[in-house]
Amino acid sequence: MKKNQTDFLKLCLADALIKLLESQDYADINVNEICELADIGRTTFYRHLDKNNGKEELLLFKIAYEWDRYQEKHDEEIKKDPNLGMSSYIYENRKLFSLLYKKGLI
């Protein structure tokens, strides 16, 4: 149960970070803004994320979380052709990957 709560918290924070990325540069976004938008306290942020790499952890968590969800839905497709599965996953999440590319994060 605790893992689900932690995942939910990280997902809320990651979604807030991504929303902020739509209008700001990555370097200009601070923890206070992320926490305020996610309606989560700073103490909670630092309890679950690294002090120096929290934003990076959130983005990686979001990508991995969405990949896990995609794998659950497309297990047979991925077993047949893992490369096609990954390409399809990126295509389905193209808005996120496009944003990360435009911001110079991938």
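This briefing walks through the fold, the nonpolar cores, the salt bridges and a few residues that deserve a second look. Keep in mind that the model is predicted. The protein chain has seven helices and zero strands, and six salt bridges turn up in the structure. One of the lysines, Lys55, is buried without any salt bridge.

**Overall fold**

- Going along the sequence, the pattern of the protein chain reads α-α-α-α-α-α-α.
- Measured out along the principal axes, the box filled by the C-alpha atoms is roughly 45 × 35 × 20 Å.
- The protein chain has 106 residues, and 38% of them count as buried.
- About 7200 Å² of the protein chain is exposed, with carbon and sulfur atoms supplying 50% of that area.
- Take the contacts between residues at least 6 apart in sequence: 52% of them join residues at least 24 apart.

**Nonpolar cores**

- The largest nonpolar core has 22 residues, and the members that touch the most others are Leu13, Leu21, Ile34, Phe45, Leu58 and Leu59.
- At least two residues of this core come from each of H1, helix H2 (31-38), H4 and helix H7 (94-102).
- H1 gives the largest share, eight residues.
- Phe45 is a handy residue to click on: leaving aside residues up to four places away in sequence, Phe45 touches Leu13, Val31, Cys35, Gly54 and Leu58.
- There's also a second, separate core of five residues, with Trp67, Tyr70, Ile78 and Tyr89 among them.

**The salt-bridge network around Lys62**

- Asp15, Lys62, Glu66 and Arg69 are linked together in a network of salt bridges.
- Within that group, Asp15 pairs with Lys62, and their closest N and O atoms are 2.8 Å apart.
- Asp15 sits in helix H1 (residues 2-21) and Lys62 in helix H4 (residues 54-73), so this pair ties together parts that are 47 residues apart in sequence.
- The two partners differ in cover: Asp15 is partly exposed at 35% relative accessibility, while Lys62 is buried at 13%.
- Lys62 also forms a salt bridge with Glu66, where the closest N and O atoms are 3.1 Å apart.
- Glu66 and Lys62 are four residues apart in helix H4, so about one helical turn separates them.
- Both Glu66 and Lys62 are buried.

**A salt bridge in helix H5**

- Asp75 and Lys79 meet through their side chains in a salt bridge, at 3.2 Å from N to O.
- These two are four residues apart in helix H5 (residues 75-80), so there is about one helical turn between them.
- Asp75 is partly exposed, with a relative accessible area of 35%, and Lys79 is exposed, with 58%.

**Lys55, buried without a salt bridge**

- Lys55 is found in helix H4.
- As background, side chains of opposite charge can pair when their charged atoms come close.
- Lys55 has no such partner: the nearest side chain of opposite charge is Glu56, and that is 6.5 Å away. A salt bridge needs the nitrogen and oxygen within 4 Å, so Glu56 doesn't qualify.
- What does the side chain of Lys55 have beside it instead? A polar atom of the Lys55 side chain lies 2.7 Å from the backbone oxygen of Tyr26.
- Not counting residues up to four places away in sequence, Lys55 touches Leu17, Tyr26, Ala27, Ile29 and Ile34.

**Other residues to look at**

- Asp39 lies in the loop between H2 and helix H3 (42-48).
- Most residues other than glycine have a negative phi. Asp39 has a positive phi of about 60 degrees although it is not a glycine.
- Asp39 counts as exposed, with a relative accessibility of 70%.
- Asn4 belongs to helix H1 and is exposed, with a relative accessible area of 53%.
- How far apart are Asn4 and Phe45 in sequence and in space? They are 41 residues apart in sequence and 16 Å apart in space, C-alpha to C-alpha.

Note on methods: Residues numbered from 1 in each chain as written. Predicted model: local features only at pLDDT ≥ 70, side-chain atom pairs only at ≥ 80, totals over all residues. Heavy atoms only, no water. Buried < 20%, exposed > 50% of the residue type's maximum accessible area, 1.4 Å probe, protein only. Lys, Arg positive; Asp, Glu negative; His and termini not counted. Polar contact = N/O pair within 3.5 Å; in protein donor to acceptor, adjacent residues only side chain to side chain. Contact = heavy atoms within 4.5 Å. Core = buried A, V, L, I, M, F, W, Y, C linked by side-chain atoms within 4.5 Å. Areas by Shrake-Rupley, 256 points an atom, 1.4 Å probe, with all protein chains shown as cover.
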